[in-house]
Amino acid sequence: MKFELNASKRELQGSGASRRLRRANKVPGIIYGGTAAPALIELDHNDILLALRKEAFHSSVLSLNINGTVETVLLRDSQMHPYKPLVLHVDFLRVDATHAIHQKVPLHFVNADIAVGVKLSGGVVSHAMNEVDVACMPQDLPAFIEVDLKDLEGGQTLHVSQLSYPKGVKPVMHGEDDPVVVAITVKKAAAAEGEEAAPAA
């Protein structure tokens, strides 16, 4: 999915200038990274609010049109009002098409209801992670990683290294750590009944 946003350069900074922008239905932001200097920008509030509500926006390479000049960026941070649907500030990181990027990508779990450990063992799917850190070239960045649970048995776990990644995409793991992504836990009582039923059968 492609996302394009319009933005304008802003000269003034500080809390007073930011408040004036918000009253004008604008959101202050900044672009940094790469060889160029950080740039202060402002965006239309409704445009960025609608974009932030889409999951893919948080893990996609974005096109930011700043006064006619297009920058390729990643969303790095967004600040929201504690209880109002108001975006207070956004940070973007410049992307170089010739260099690999690191980005957190959401996980989409499928077939949980027909997983072997759920249907046959009465297990419960337990999610340990909802996103995974990946490295890839900007053009290869996936909107999400699908995790198929249909063959997962009771008591089994899936680790980051066991997920299926698109071509050109690799998980980023720190040291030798290979964290658990999802597991199917089975209650001891249910497991014991299953063990007793096996000899009787």
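Contact here means heavy atoms within 4.5 Å. The structure is a predicted model.

**Exercise 1. Place V95 and list its contacts.**

Task: Find where V95 lies, decide whether V95 is buried or exposed, and state which residues V95 is in contact with beyond its neighbours within four places in sequence.

Solution.
- Step 1. Start with the chain. V95 sits in the loop between strand 6 (87-94) and strand 7 (101-110).
- Step 2. Check the accessibility. Buried means under 20% relative accessible area. V95 has 14% relative accessibility, so V95 counts as buried.
- Step 3. Leave aside the neighbours within four places in sequence. V95 then touches T72, V73, L74, I101 and P138.
- Step 4. Look at G34 too. In sequence, 61 residues separate G34 from V95; in space, their C-alpha atoms are 7.3 Å apart.

**Exercise 2. Find and classify the aromatic pair.**

Task: How many aromatic pairs does a search of the whole structure find? Determine the geometry of the pair formed by F3 and F57.

Solution.
- Step 1. Searching the whole structure gives one aromatic pair. The partners are F3 and F57, with 5.3 Å centre to centre and 85 degrees between the planes.
- Step 2. Apply the cut-off. Planes over 60 degrees apart count as edge-to-face. At 85 degrees, the F3 and F57 pair is edge-to-face.
- Step 3. Map the pair on the chain. F3 belongs to strand 1 (residues 3-9), and F57 to the loop between helix 2 (45-52) and strand 4 (62-66). The two are 54 residues apart, so the pair links distant parts of the chain.
- Step 4. Check the burial. Both F3 and F57 are buried.

**Exercise 3. Work out the open sheet.**

Task: Which strands are the edge strands of the open sheet with the order 10-7-9-12?

Solution.
- Step 1. Read the order. Four strands form this open sheet, and the pairing is mixed.
- Step 2. Take the edges. Strand 10 (145-148) and strand 12 (170-171) each pair on one side only, as edge strands.
- Step 3. Follow one pairing. Strand 10 and strand 7 run in the parallel sense over four bridges. L107 has I145 in strand 10 as its bridge partner.

**Exercise 4. Trace the partners of strand 13.**

Task: In which sense does strand 13 pair with strand 8, and in which with strand 11?

Solution.
- Step 1. Strand 8 (residues 124-127) pairs with strand 13 (residues 180-185) in the antiparallel sense, over four bridges. Here V124 is opposite T185.
- Step 2. Strand 11 (residues 157-159) also pairs with strand 13 in the antiparallel sense, over three bridges. In this pairing L158 faces V182.

Key: Residues are numbered from 1 along each chain as its sequence is written. This is a predicted model: local features need pLDDT of at least 70, side-chain atom pairs count only at pLDDT 80 or more; totals for chains, interfaces and linings use all residues. Side-chain values use heavy atoms; hydrogens and water are left out. Buried means under 20% relative accessible area, exposed over 50%, partly exposed in between (1.4 Å probe, protein chains only). Rings of Phe, Tyr and Trp (its six-membered ring) pair if their centres lie within 6.5 Å; planes under 30 degrees apart count as stacked, over 60 as edge-to-face and the rest as tilted. Two strands pair if DSSP finds at least two bridges between them.
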